[in-house]
Amino acid sequence: MNKFEVAIFEGLRSTIKDYILFKGQDFENEWTKPEYLATVNIAKSISKFNSYPAEKFVIAIEEDTEDFSKKCVPEISVDIFNLAFNDFNTERNGKIDIAVYKSDGKTALCAIEVKNFNPTVNSKERVILDLRRNAEYFLFQNKNSQSIIQKSYVTYFRHFSDTRMQNEIQKDLDAAKKELEDIITKEIWTTGFKYRVEVATVHDNLLYVGKHSDEEIFNDTGDFYAQAVHFVGVLGVFEK
């Protein structure tokens with residue numbers, strides 16, 4: 001994973017910690033929508049790069065797709081007095097959760113779409129729409145240039161509510177990865193870019209066989225059992 005992807009997972013982990021502080025440890029309640037919180041935390045995580053003596057980035061939250069799309073392709077200089085401005089936009093006009101540009105603010109680097117908990121289960125069509133829009137950025141071109149965007153991302157939390165034991169973690173990771181890979185394979189025309197799916201545990205409070213008593217593990221009314229949860233961060237990557 002590159003540094004942006006590491007930062008995205010860092011933002012997801014921070015979001016779960018914040019969300020627990022906001023909501024408490026009552027995991028029996030339905031998890032509401034942490035999309036805005038995750039968006040801000042991911043943007044803050046990426047912004048840390050600007051404190052280093054290296055290339056700086058401009059980070060925009062809720063960026064217009066039209067503004068971002070125009071900056072995916074270098075503008076054409078017709079002559080010294082005229083500039084042919086790009087006129088691009090995605091088929092589905094709207095807002096990008098996070099847009100990242102080079103320090104000039106005019107060169108698009110990547111787009112990041114942040115979804116809610118379990119979107120592949122609860123709102124699969126919205127995930128597909130975001131994936132399709134993320135694919136469009138790679139296809140823009142003008143007379144002299146093609147899109148220079150390097151990556152686009154969709155990220156979200158996958159909560160495995162039935163998981164209680166540490167030895168089930170890899171099963172959940174594999175399932176979350178395959179779930180998004182299957183959607184991309186079936187729904188997205190991946191011409192002009194490659195794709196991959198990254199997954200990682202961003203929060204767990206799971207039980208260990210041998211560490212907890214049978215009563216603690218198997219008594220589904222006990223605190224240990226009730227608070228045993230597993231959240232997987234999922235990141236769909238489109239890249240040149």
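**A six-stranded open sheet and its helices**

In this predicted model, 6 strands form an open sheet with mixed pairing, arranged in the order 1-4-5-6-8-7. Strand 1 and strand 7 (194–204) are the edge strands, each pairing on one side only. From one strand to the next, the twist averages 20 degrees. Within the sheet, strand 6 (residues 151–159) is joined to strand 8 (residues 230–239) by antiparallel pairing over 9 bridges. Here Tyr153 stands opposite Val237 of strand 8.

Helices also pack on this sheet. Helix 5 (residues 124–136) touches strand 4, strand 5, strand 6 and strand 8, and its direction makes about 180 degrees with that of strand 5. Helix 2 lies across strand 1, strand 4 (95–102), strand 5 (108–117) and strand 6, and runs at about 145 degrees to strand 5.

A loop leads from helix 2 (35–47) to strand 1 (57–64), and Phe49 lies in this loop. Phe49 is buried, with a relative accessible area of 12%. Beyond its neighbours within four places in sequence, Phe49 is in contact with Lys3, Phe4, Ala7 and Phe57. Of these contacts, Ala7 is 42 residues away along the chain, yet its C-alpha atom and that of Phe49 are separated by 9.4 Å.

Turning to the cysteines, Cys72 is buried at a relative accessible area of 0%, and Cys110 also counts as buried, at 3% relative accessibility. The structure holds 0 disulfides.

Key. Residues numbered from 1 in each chain as written. Predicted model: local features only at pLDDT ≥ 70, side-chain atom pairs only at ≥ 80, totals over all residues. Heavy atoms only, no water. Disulfide = S-S within 2.5 Å. Buried < 20%, exposed > 50% of the residue type's maximum accessible area, 1.4 Å probe, protein only. Helix = DSSP H or I, 4+ residues; strand = E, 2+ residues; numbered from the N terminus. Contact = heavy atoms within 4.5 Å. Pairing = 2+ DSSP bridges. Axes fitted to C-alpha atoms, helices over the stretch in contact; angles between N-to-C directions.
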